[in-house]
Amino acid sequence: MRSILALLLVFTAVHAAPAQRSDSAATARRLMRGAASVLQRGDTTAAADSVLAAARAWPAQSSYWLAAARWNALAHRPGAALDALSTLAAMGAGWQRDDPRLAPLAGEARFAALQPPSAEVRSRVVATLPDPDFHPEGVAFDARTQRLFVGSVHRGSVVMIDPDGAVSTFVPPGTAGLRAVFGVLADTARGLLFVSSADVPERDGGLASPRAASSILAFSLTSGAFARQWSFPEDGHQHLIGELVLSPDGSVWGTDSEHPMIYRVPMTADADRLERMPFAHRDWVSLQGLAFSEDGRQAWVADWTTGLYHLDIVRGVVSPVAAPAGGTLLGIDGLYRDGPGRLIGIQNGIMPHRIVALVLEAGGTAVRALRPLDHPPGEGEPTLGVLTPEGLLFVSGSLWPFYNGAGHLGPAEGRPRGEIRRISWQ
């Protein structure tokens, strides 16, 4: 078991990211670091004060409220701990009732009465990947053939799932320099499967340093044969396109989760470098999902660390999207537009993980209502998906929580099997 100090130091390091959405987030990180410092002097009460102040400074971050509940419970301040759990519950985030750091609350009547949010499962499994080490991340759907394509972070390959459920390798590892696979996109108009690739330690044989250059590759949607490749402009930064999206005008866009920018794939015959789009925001840290309005004049992009943003495509203006009162837009990975004024988010940065419907205010710069649609079961993560006429198909059971610090997978026993699930909200 890790010591209390070690747990707090790890928690602080995970959430210490530059250029957060507001100055309050930077204040919250400073307070968390202060908690670690005073805990080293043995002052649990002062550490609990600092963690609670951090949660109040950045109230959209559910993990800070859970930390506040834990540290105040350990400091024998049940009122503050239970208030933090109540805030978590209102946000739709949960906790484990047998969490040993909440054990001091066991005798409290209010703790017994306070229930974590229910985790209703409405999605259904449509395919299970036979390889326990596959680690699915992105999924694409070919409407013409009803085939699914799933990319693997660990194997560095793409498999195809036939309508009858048969799984076969479509793009083998290493093809045309293919590394870990993140986003996959089926472009039926061009007959191409677009794949974003980068080298990460979690790939079987992958390296943290020196890393192979990240790129986007295209393969024949019929045969899997290599077609084209695009690399990043030479700018001295590490890049990783985590998601690929088809815009209304038919162009392919991608979000960079490491050096947070947005790129487009140029389709002219002589172009081999990705085109950087003129959108930026000082609070971007880790860009993920991207969804366009039907006319292509607006878009929304999820930053896993700092929330949701609205893009005015015509004017090139980026605006933060306000969350509904008491709710959080942090931790969204996949993002999809489901009709006018409604987005669907795969929110794996909250516990329990959930698929949420976001109802937008007119103008698209505020969320009027947030409604959970599904809580995918298991300890793996839901990641990316694709809209189909039947609903949202998405990856569940991603293996990110099961790697050690060096990028190696733990024992297969107890790990989830990668799944493709479907949820229909009609």
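This note goes through helix packing, several loop and strand residues, and the backbone geometry of a predicted model.

1. Helices α3 and α4. Helix α3 covers residues 44-57. Its axis comes within 8 Å of the axis of α4, and the two cross at roughly 160°. An angle over 145° counts as roughly antiparallel, and α3 and α4 are therefore roughly antiparallel to each other. The crossing of α3 and α4 is left-handed. On the α3 side, the contact is made by Thr44, Ala48, Val51, Leu52, Ala54, Ala55 and Arg56. On the α4 side, the partners are Tyr64, Trp65, Ala67, Ala68, Trp71, Asn72 and Leu74. By class, the contact of α3 with α4 has 11 nonpolar, two polar and one charged residues.

2. Helices α4 and α5. Helix α4 runs over residues 62-74 and helix α5 over residues 78-91. Their axes lie 7 Å apart, and the packing angle is about 155°. That makes α4 roughly antiparallel to α5. The crossing of α4 and α5 is left-handed. From α4, the contact takes in Ser62, Trp65, Leu66, Ala68, Ala69, Asn72 and Ala73. From α5, it takes in Ala80, Ala81, Ala84, Leu85, Thr87, Leu88 and Met91. This contact of α4 with α5 divides into 11 nonpolar residues, three polar and no charged. Trp65 of α4 meets α5, and Trp65 is also in the list for the contact with α3. Ala68 and Asn72 likewise appear in the contact with α5 and in the contact with α3.

3. Asp199. This residue lies in the loop between β7 (192-198) and β8 (215-220). Is Asp199 buried or exposed? Asp199 is buried, with a relative accessible area of 3%. Its side chain makes a polar contact with the side chain of Arg203, at 2.7 Å. A polar atom of the Asp199 side chain also lies 3.4 Å from the backbone nitrogen of Leu207. Beyond four places in sequence, Asp199 touches Arg179, Gly206, Leu207, Arg211 and Ala212.

4. Leu207. Leu207 sits in the loop between β7 and β8. Leu207 counts as partly exposed, at 43% relative accessibility. With neighbours within four places in sequence set aside, Leu207 is in contact with Asp199, Val200 and Pro201. The C-alpha atoms of Leu207 and Val386 are separated by 29 Å, with the two positions 179 residues apart along the chain.

5. Ser197. Strand β7 holds Ser197. At 3% relative accessibility, Ser197 counts as buried. Which backbone atom does the side chain of Ser197 reach? The side chain of Ser197 reaches the backbone oxygen of Ala180, at 3.3 Å. Apart from neighbours within four places in sequence, the contacts of Ser197 are Leu178, Arg179, Ala180, Ser214, Ser215 and Leu217. Arg179 is thus in contact with Ser197, and Arg179 also touches Asp199. Ser197 and Ala47 are 150 residues apart along the chain, with their C-alpha atoms separated by 42 Å.

6. Ser257. The loop between β11 (252-256) and β12 (262-265) contains Ser257. Ser257 counts as buried, at 15% relative accessibility. Not counting residues up to four places away in sequence, Ser257 touches Leu240, Val285, Ser286, Leu287 and Gln288.

7. Leu148. Strand β3 (residues 147-152) is the place of Leu148. Leu148 counts as buried, at 9% relative accessibility. Beyond four places in sequence, Leu148 touches Val139, Ala140, Phe141, Val159, Met160, Ile161, Leu393 and Ile420. Leu148 and Ile350 are 202 residues apart in sequence and 27 Å apart in space, C-alpha to C-alpha.

8. Backbone geometry. Where is the cis peptide bond? It joins Met351 and Pro352, with omega about -5°. Pro352 is found in the loop between β19 (342-347) and β20 (354-360). Two residues with positive phi can be checked as well. Phi of His135 is near 55°, a positive value in a residue other than glycine. His135 lies in the loop between β1 (124-128) and β2 (136-142). His135 counts as buried, at 1% relative accessibility. Phi of Ala176 is near 55°, again a positive value in a residue other than glycine. Ala176 lies in the loop between β5 (167-171) and β6 (180-187). Ala176 is partly exposed, with a relative accessible area of 31%.

Key. Residues numbered from 1 in each chain as written. Predicted model: local features only at pLDDT ≥ 70, side-chain atom pairs only at ≥ 80, totals over all residues. Heavy atoms only, no water. Axes fitted to C-alpha atoms, helices over the stretch in contact; angles between N-to-C directions. Helix = DSSP H or I, 4+ residues; strand = E, 2+ residues; numbered from the N terminus. Parallel < 35°, antiparallel > 145°, perpendicular 65-115°, else oblique. Left-handed = near helix turned anticlockwise from the far one by under 90°. Contact = heavy atoms within 4.5 Å. Nonpolar A, V, L, I, M, F, W, Y, C, P; charged D, E, K, R; others polar. Buried < 20%, exposed > 50% of the residue type's maximum accessible area, 1.4 Å probe, protein only. Polar contact = N/O pair within 3.5 Å; in protein donor to acceptor, adjacent residues only side chain to side chain.
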